[in-house]
Amino acid sequence: MKTKSSLDDHKIVDLAVHRGSETLEGAFGATLRREDSRQPAANEQVMGLVARIIVDESLPFYVCTLDGTVMHVNDHYKSVDKALGEVTLAPGEAVVAGRFQVPSLKPVIDDVLASNTTVRAEEIVRINGHDRVFLGRHSPVRNERGDIVAVAGTYEDVTAQVRGIEEANRTQSRFQDFARASSDWFFECDADMRVRSLSDRFTAIVGQPASLFIGSRFEQFGRFEPNLDGRLDGANSIKSRKPFREQLFVIAEPSGGELKFHLSAVPVFDRQSGDFRGYRGVGMDVTARYKQAREADCIRQNLETLLKELTRKNLALDEATVQATSALRTKNEFLAAMSHELRTPLNAIIGFAEAFEHQTFGAIEKSYLTYATDIRKSGQHLLGLINDILDVAVIESGGLSLSIDDLSLEQVFAKAVKMNEDVALRKKLDISGLKVASDAWIRADDRRTTQIFVNLLSNAIKFTPEQGRIGAEIKQGLAGGQVAITVWDNGVGIAPDHMEYVFEKFHQVTDHIYSRKQEGTGLGLHISRELARRMGGDITLESEEGKGSRFTVTLPVATGVNDDTDFI
């Protein structure tokens, strides 16, 4: 406030002078130096001008000459001066115009003289242990000719305003940190949905200056598409002035690629009129996420296709299994029927051949005796083949019937030895090792167990050269309540690459000269192992080519006590 010719503050120039506490404390409470009490005429002129100045007395006010001499202060100035606690006046002493000179006001006076207008400076002082911020306005005082003859100033406590601005800045900084942590870039649109501002991060992601997009609508440099949830509600939300979230927006790159963003925004309305002003929102780069989703979708589609193919093949396999099962059952039934039909006349042929050999119907020529012997042997061989085929058919069809009983292992094995003894002796084999003594009893089918031992002894005799040796060993007290009997020989043995196949159907060892001399279907070992397993046991093989083989049969022991003794 001023008279027309005295205080030139109609133009305010903020020189951003921030002197800490230098000016204010100097003005209020710095060490004041007494001047001569004589007041020149110039000071009288200044005081005359001060009397014409209209001042807001609620603010501390001072007037000083150009040399820094304080000419006038108001009561509020004095109260603040005392609050600083740095100047103590004697009792009854008051600040009298023209009596004190404040050197620290000289920089302010110089700024006023240099700018020829009002200077504003924000200054911080500590009052009662607390920092206070004062805004000083220092204006030139002019005479009738317009010359600056003094400087007048006020100090306004703006601590609350400054602290409010600082808190607002901190709040904005926190908000920006949160926004940067949750999004990639920011945008603002006007009521026509034209882009008004874009954050710098948008330029870094897109690789093009943001200025290229300012003033454009989103549809002019990209397109909206359904997001991963299938939602495409951004356009409808904009038309109805509603918030939208995670709307997919695609921008084409200059290189030909595409960038995908999730846009989320809220509408902005004028607080006074309620008019729609536009949107403010954020964008997040989700290009990598959509690429991963596309790859996952391709994998899912491939898996679905593969699953359909596997399902189709499984159905075909199930159908083929049913057909194979049906065919196997039909084959086994046919083999069983044919075996029965073949064995009946074959037994008759064998019986008549034996009658001729024994000359039951009268004497016959020697040559016919030889023919009868050949007929009997061929018939017996053919009967053995038919029996083997029938056994396999019965086993595979699940129609095997067993009569389990307690048996003396020694007696069953001796019976099998007896059935093969003549053949072994004709081959001049040492079979003394087949005489075993044991008190072991087993739980098994008598006929099927004898069949197993006959097959093993027959193979040992077949594949052992003349004057070779065969034998047997019995071992009791095995784990699981088992007893083992091993049939061994010192024959040709079995090559390592054949050992895993010897129990398969129709497999024969054909790599040795002795094997070629022997007849058979290759079913004996397969049938023997299946029979042993059906009775709760098994057959294992140990062999070394050129040194012989060891076939071990394990069977469950019968109820009773068996000694843990090896018999040879």
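This report walks through a predicted model of one protein chain, from its overall make-up to a few spots inside it.

**The big picture**

Let's start with the whole chain. It has 568 residues, and 39% of them count as buried. Its backbone is organised into 15 helices and 22 strands. If you look at contacts with a separation of 6 or more, 64% of them link residues 24 or more positions apart. One pair you can find for yourself is Ala293 and Leu228: they are 65 residues apart in sequence, yet their C-alpha atoms are 8.2 Å apart in space. Ala293 sits in helix α9, which covers residues 287-357. Is Ala293 buried, exposed or partly exposed? With a relative accessible area of 26%, it is partly exposed, because the partly exposed class runs between 20% and 50%.

**Two nonpolar cores**

Now for the inside. In soluble globular proteins, nonpolar side chains tend to be buried together. The largest nonpolar core in this model has 44 residues. Among the residues with the most contacts inside this core are Leu409, Phe413, Leu434 and Phe453. Helix α12 gives the largest share of this core, 7 residues. Apart from it lies another core, of 23 residues, including Trp185, Ile205, Phe221 and Tyr279.

Phe413 is a handy residue to click on. Leaving out residues up to four places away in sequence, Phe413 touches Leu434, Val436, Phe453, Leu457, Ala472, Ile485 and Val487.

**A small empty space**

Rolling a probe the size of a water molecule over the atoms shows where empty space is left. How many cavities of 30 Å³ or more does a search of the whole structure find? The search finds 2. The second largest cavity holds about 40 Å³ of space. Its lining is made up of Val417, Asn420, Glu421, Ala424, Ile431, Leu434, Leu457, Ile461 and Ile470. Two elements give two or more residues to this lining, α11 and α12, and the largest share, 4 residues, comes from α11. Here is the lining sorted by class:

| Class of lining residue | Number of residues |
|---|---|
| Nonpolar | 7 residues |
| Polar | 1 residue |
| Charged | 1 residue |

Asn420 is one of the lining residues, and it lies in helix α11. Asn420 counts as buried because its relative accessibility is 10%, and buried means under 20%. What sits 3.0 Å from a polar atom of the Asn420 side chain? The backbone oxygen of Ala416 does. Not counting residues up to four places away in sequence, Asn420 also touches Val454, Leu457, Ser458 and Ile461.

**A covered helix**

Our last stop is helix α15, residues 524-534. This helix is mostly covered, with 8 of its 11 residues buried. The buried ones are Gly524, Leu525, His526, Ile527, Ser528, Glu530, Leu531 and Ala532. What do these buried residues pack against? Their partners are the helices α10 (366-397) and α12, along with the strands β20 (538-544) and β21 (548-556). Just after α15 comes Gly536, which takes a positive phi of about 90°.

So keep an eye on α12 when you turn the model around: α12 helps line the second largest cavity, gives the largest share of the largest core, and packs against the buried residues of α15.

Key: Residues are numbered from 1 along each chain as its sequence is written. This is a predicted model: local features need pLDDT of at least 70, side-chain atom pairs count only at pLDDT 80 or more; totals for chains, interfaces and linings use all residues. Side-chain values use heavy atoms; hydrogens and water are left out. On a 1 Å grid over the protein atoms alone, a cavity is a set of points where a 1.4 Å probe fits but cannot get out, and a pocket is an open set with protein on both sides within 12 Å along at least five of seven lines; lining residues have an atom within 4 Å of a point. Grid points are joined across faces, edges and corners, and a volume is the space filled by probe spheres set on the points. Ala, Val, Leu, Ile, Met, Phe, Trp, Tyr, Cys and Pro count as nonpolar, Asp, Glu, Lys and Arg as charged, and the others, Gly among them, as polar. Buried means under 20% relative accessible area, exposed over 50%, partly exposed in between (1.4 Å probe, protein chains only). A polar contact is a pair of N or O atoms within 3.5 Å; within protein, one must be able to donate a hydrogen and the other to accept it, and residues adjacent in sequence count only if both atoms are side-chain atoms. Contact means heavy atoms within 4.5 Å. A nonpolar core is a set of buried Ala, Val, Leu, Ile, Met, Phe, Trp, Tyr and Cys residues joined through side-chain atoms within 4.5 Å.
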